[in-house]
Amino acid sequence: MPSVSVKMDPVTVPELPEVNVAGKGEFELFFEAKVEPEKQMAYILMMASDCMQDFNIKTCFPYNEFLANRKLGGGGWVRKLSANKDIVVQELMRRDPNAKPNKSNRSCEELLRLFKPLSDRRDIDFVIKKELEVRQKLQAMLGELHTKRVSHGDLKEKNPKRPKTEKKVNLTEAPANVNLLLKLDDFSASIAMDAAEKAARDNDYKVTIAIVNAEGVPLIVKRLEGSNPLSFDLAITKAKTACLFKRNSSQLQDFPDISRGGVPLMANGICMGGVGVSGDKQPNCEKVAYAAVDKLMEDAKEESLVADLKTNQYMPDVPEVPPTEVPPIPPPETSV
């Protein structure tokens, strides 16, 4: 790995009187014995902010790079580089065992102002040494990340987005060029009624179901047990209205007396009939009506696909046979 030069920001260290530098200082002994490894980086940077007047992790390199790009090297750099209240209180009690900090009502900045200044030069030197080690470690990490980016190319090119896959064609959906073989007669009306009745009974809806043809004439009407007698005429009215206007009864704002529950039966742009349901809540009535329409449309699509396959069967290409050349007929011989 190429060597990374350490970029040092100018900092100011307070001048202290010369002391005996033999042995370890009080803070160094405390740091090695009491501070947990996962908190040591934040602890040292907090001490550096207190010892060096011009030091600030938000402006000093490389700390500002990690704070601006929090996902570098695994992320979580605000927590790794910034001291929390527990760390601040721990150092405050170390400097002044008689201090009584109230961390519940004070921020980290307010607690930092309660620090007593360091008086041992060995503590200052130890903090500067450890901060330099942290700075070199982070700069080396930045260099490795930069090398990986250069060697592997742009990350967007390395991990391109997956192309959008085309929507799979559902075999139950009729192609656009296939006309739905849909007609509403007594048999198909009974199939639609069975589907609507099943949806109503499964959800315990006490409703009346009506199915009309393209002219609005009722083909079949069924009132389930417990439904309101008035729902009989309302179901027929909803089915007629949806059929004649070729839209759901809920979309007819000009007719406030007609509520939800009427659904037209459309095929190839032509209205083949309508289904009306009444007797329960409007969304429930519309749900039952759609159950009948969906059943007929599903059957019609299957029949249309079968008919399309039958009319478009694969025919093998027969090679064209070149026409055979017929030799010219010689003229008849003439006798002299």
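Mentor: Start with a definition. Buried means under 20% relative accessible area, exposed over 50%, and partly exposed in between, using a 1.4 Å probe and protein chains only. This is a predicted model, where local features need pLDDT of at least 70, side-chain atom pairs count only at pLDDT 80 or more, and totals for chains, interfaces and linings use all residues. Residues are numbered from 1 along each chain as its sequence is written, and side-chain values use heavy atoms, leaving out hydrogens and water.

Trainee: Why is Asp186 called exposed?

Mentor: Its relative accessible area is 59%. The cut-off for exposed is over 50%. So Asp186 is exposed. Asp186 lies in helix 9, residues 186-202. Helices (H or I, at least four residues) and strands (E, at least two) are DSSP runs, numbered from the N terminus.

Trainee: How do you know whether Cys243 is buried or exposed?

Mentor: Cys243 has a relative accessible area of 3%. Buried means under 20%. Therefore Cys243 is buried. Cys271 has 9%, so Cys271 is buried too.

Trainee: Why is there no disulfide between Cys243 and Cys271?

Mentor: A disulfide is a covalent bond between the sulfur atoms of two cysteines. Here the rule asks for a pair of cysteine sulfur atoms within 2.5 Å. The sulfur of Cys243 is 3.7 Å from that of Cys271, its closest cysteine sulfur, so a bond is ruled out as too far. The count is zero disulfides.

Trainee: What makes strand 4 largely enclosed?

Mentor: Strand 4 covers residues 270-278. Seven of its nine residues are buried, so the rest of the structure largely encloses it.

Trainee: How do you know which strands pair with strand 4?

Mentor: Two strands pair if DSSP finds at least two bridges between them. Strand 1 (residues 208-213) has six bridges to strand 4, running antiparallel. There, Val212 stands opposite Gly274. Strand 3 (residues 262-267) also pairs with strand 4 over six bridges, in the antiparallel sense. Leu265 stands opposite Gly273.

Trainee: What joins strand 3 and strand 4?

Mentor: They form a hairpin with two residues between them. Asn268 in the turn has a positive phi of about 60°.

Trainee: What makes the link at the start of helix 5 a polar contact?

Mentor: A polar contact is a pair of N or O atoms within 3.5 Å; within protein, one must be able to donate a hydrogen and the other to accept it, and residues adjacent in sequence count only if both atoms are side-chain atoms. A side-chain oxygen of Asn84 comes within 3.3 Å of the backbone nitrogen of Asp86.
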